[in-house]
Structures are given as C-alpha cells and as structure tokens.
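Open the structure in your viewer and keep the sequence panel beside it. Follow the stops in order, selecting as you go.

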Amino acid sequence: YRHLYDALAQMGEDELELTRRRNSGKGVWYAFVEILHAREEGYLETIRRFHERCEGRKAAVIAARRLLAEHANRFDENVSVEASVITDLEWEIRAYPDDG
C-alpha cells in the first residue's frame with residue numbers, strides 16, 4: 001500500500017500548503033470573472049471567463065473588482081457575472097484553459 005500512503009501524504013501536504021496560502025494571502029493568486037448563462041434545464045453554463053494572474057490576495061481582489069466592472073455590461077436577464085479570487089494551486093486543480 002506504499003503508493004496509496006504516498007498519495008495520501010501528498011494530499012495532506014497540498015492541503016496544508018493551500019491553508020497556509022489562504023491564511024497569509026501571499027504568493028500567486030488569480031482574479032477571475034465568469035459569465036454564466038442560466039439554462040432552461042436548470043443549470044448554469046459558463047459562457048466566458050476572464051482572468052488575471054496577481055502577486056498576493058489583495059492585488060487579486062483589486063483585479064477582480066476591475067474585471068467585474070469591465071464586464072458588468074454582460075449581465076442580463078438569464079446571464080450572471082461572478083467574480084472570485086483563488087490561489088494558483090486551486091487554479092491548477094481546476095485546470096482552466098488560458099481563455100481570458
């Protein structure tokens with residue numbers, strides 16, 4: 001079971017690093033805005049995503065506000081505009097394509 005235990009240990013180390021970055025706000029963060037369309041079938045579909053790589057959480061929050069303001073005009077009856085900030089570790093896990 002060595003490989004299983006190694007994988008579990010790595011998952012624990014990754015979670016500790018993620019917690020450390022969230023608490024400190026340091027390191028690489030991503031600001032992103034998603035344009036979401038509410039489908040009649042009851043689910044949200046991402047239409048477009050805009051992002052910016054930032055140094056630190058505070059810079060990412062500022063960038064997310066700017067991106068949100070730039071794309072607020074895309075808001076409509078069935079379209080929402082959502083802003084978020086996440087660490088680079090979370091960005092890699094989500095494996096977003098470079099589409100912004």
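The tour starts with the whole chain and then moves to single residues and pairs.

**Stop 1: the whole chain**

Show everything as a cartoon. Keep in mind that this is a predicted model. The protein chain has 3 helices and 3 strands. Trace the chain along its sequence, and the order reads α-β-β-α-β-α.

Now turn the model around. Along the principal axes, the C-alpha atoms fill a box of roughly 50 × 35 × 20 Å. The radius of gyration of the protein chain is 17 Å, while a compact globule of 100 residues would have one near 13 Å.

Switch on the surface. The protein chain exposes about 7,100 Å², and carbon and sulfur atoms supply 52% of that area. How many of the 100 residues, as a percentage, count as buried? The figure is 32%. Contacts also reach along the sequence: among those with a separation of 6 or more, 64% join residues 24 or more positions apart.

**Stop 2: the start of the chain**

Select Tyr-1, Leu-4, Tyr-5, Leu-8 and Met-11. Together they form a nonpolar patch on the surface, with about 650 Å² of accessible area. Zoom in on Leu-4, which lies in helix H1. Leu-4 has a relative accessible area of 47%, so it is partly exposed.

**Stop 3: a salt bridge within helix H1**

Stay on helix H1, which covers residues 2-24. Show the side chains of Glu-17 and Arg-21. They meet in a salt bridge, 2.8 Å from N to O. The two residues are 4 apart in the sequence, about one turn of the helix.

Buried or partly exposed: which word fits Glu-17, and which fits Arg-21? Glu-17 has 24% relative accessibility, so it counts as partly exposed. Arg-21 has 15%, so it counts as buried. The cut-off for buried is under 20%.

**Stop 4: from strand to strand**

Move to strand E1, residues 28-38, and select Glu-34 there. Glu-34 is buried, because its relative accessible area is 13%. Which residue forms a salt bridge with Glu-34? The partner is Arg-49, and the closest N and O atoms are 3.2 Å apart. This pair links distant parts of the chain: Glu-34 belongs to strand E1 and Arg-49 to strand E2 (residues 44-55), with their positions 15 residues apart in sequence. Arg-49 is buried, as Glu-34 is. The two side chains also make a polar contact, at 3.2 Å.

Side chains of opposite charge can pair when their charged atoms come close.

**Stop 5: the loop between E1 and E2**

Select Tyr-43, in the loop between E1 and E2. Tyr-43 counts as partly exposed because its relative accessibility is 44%. Colour its contacts. Leaving aside neighbours within four places in sequence, Tyr-43 is in contact with His-37 and Ala-38.

**Stop 6: helix H2 and the wider network**

Go on to helix H2, residues 57-71, and show Arg-66 and Glu-70. Where H1 had its pair, H2 has one too: Glu-70 and Arg-66 meet in a salt bridge, 3.3 Å from N to O. They sit 4 residues apart, about one turn of the helix. Glu-70 has 45% relative accessibility, so it counts as partly exposed. Arg-66 is partly exposed as well, because its relative accessible area is 37%.

Now select Glu-17, Arg-20, Arg-21 and Asp-88. Salt bridges that share partners join these four residues into one network. To find the rest, search the whole model: the structure holds 9 salt bridges.

**Stop 7: strand E3**

Finish at strand E3, residues 79-87, and select Val-85. Val-85 counts as partly exposed because its relative accessibility is 28%. Which residues does Val-85 touch, not counting those up to four places away in sequence? They are Trp-29, Tyr-30, Ala-31, Ala-60, Val-61 and Ala-64.

As a last step, add Leu-68 to the selection and draw a C-alpha to C-alpha distance. Val-85 and Leu-68 are 12 Å apart in space and 17 residues apart in sequence.

Methods
Residues numbered from 1 in each chain as written. Predicted model: local features only at pLDDT ≥ 70, side-chain atom pairs only at ≥ 80, totals over all residues. Heavy atoms only, no water. Buried < 20%, exposed > 50% of the residue type's maximum accessible area, 1.4 Å probe, protein only. Polar contact = N/O pair within 3.5 Å; in protein donor to acceptor, adjacent residues only side chain to side chain. Rg over C-alpha atoms; globule rule 2.2 N^0.38 Å. Contact = heavy atoms within 4.5 Å. Areas by Shrake-Rupley, 256 points an atom, 1.4 Å probe, with all protein chains shown as cover. Patch = residues over 30% accessible without salt bridge, like charges linked within 9 Å, V, L, I, M, F, W, Y side chains within 5 Å.
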